[in-house]
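Welcome! Open your viewer and follow along, one selection at a time.

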Amino acid sequence: MLLMKCCNRCKGDMFVEEEGTQKALVCLQCGHRPVNGPAIAEKLLRRAKVIPRVARAA
Ligand SMILES: [Zn+2]
């Protein structure tokens, strides 16, 4: 999931990074990770609910 122009450092695009149960927001352009990123990501994912995950390579 992409958040266009949401980075408060460089106004770049951010995406939700998921690692197991951990979620974070990461800027594509500068790699910035806001402190409240996990909370925002959590909220976004809950709202979006259906995010088809790319099937794992078998
Ligand atoms: Zn950035």
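Start by selecting glutamate 17 and arginine 33: they form a salt bridge, with their closest N and O atoms 3.2 Å apart. (A salt bridge here is a side-chain nitrogen of Lys or Arg within 4 Å of a carboxyl oxygen of Asp or Glu.) Glutamate 17 sits in strand 2 and arginine 33 in the loop between strand 3 and helix 1, 16 residues apart, so to trace them, note that helices (H or I, at least four residues) and strands (E, at least two) are DSSP runs numbered from the N terminus.

A word on what you are viewing: this is a predicted model, where local features need pLDDT of at least 70 and side-chain atom pairs count only at pLDDT 80 or more, while totals for chains, interfaces and linings use all residues. Residues are numbered from 1 along each chain as its sequence is written, and side-chain values use heavy atoms, leaving out hydrogens and water.

Next, select glutamate 42 and lysine 23, whose side chains meet in a salt bridge (3.9 Å, N to O). Glutamate 42 lies in helix 1 and lysine 23 in strand 3. Now add arginine 46, which has a salt bridge with glutamate 42 (3.7 Å, N to O). Shared partners join Lys23, Glu42 and Arg46 into one network.

Finally, which residues hold the zinc ion? Its protein donors (N, O and S atoms within 2.8 Å of the metal, or 3.2 Å for Na, K and Ca; water is not among the atoms, so sites may look incomplete) are Cys7 (SG), Cys10 (SG), Cys27 (SG) and Cys30 (SG), at 2.2 to 2.4 Å. Along the chain, these donors follow the spacing C-x2-C-x16-C-x2-C.
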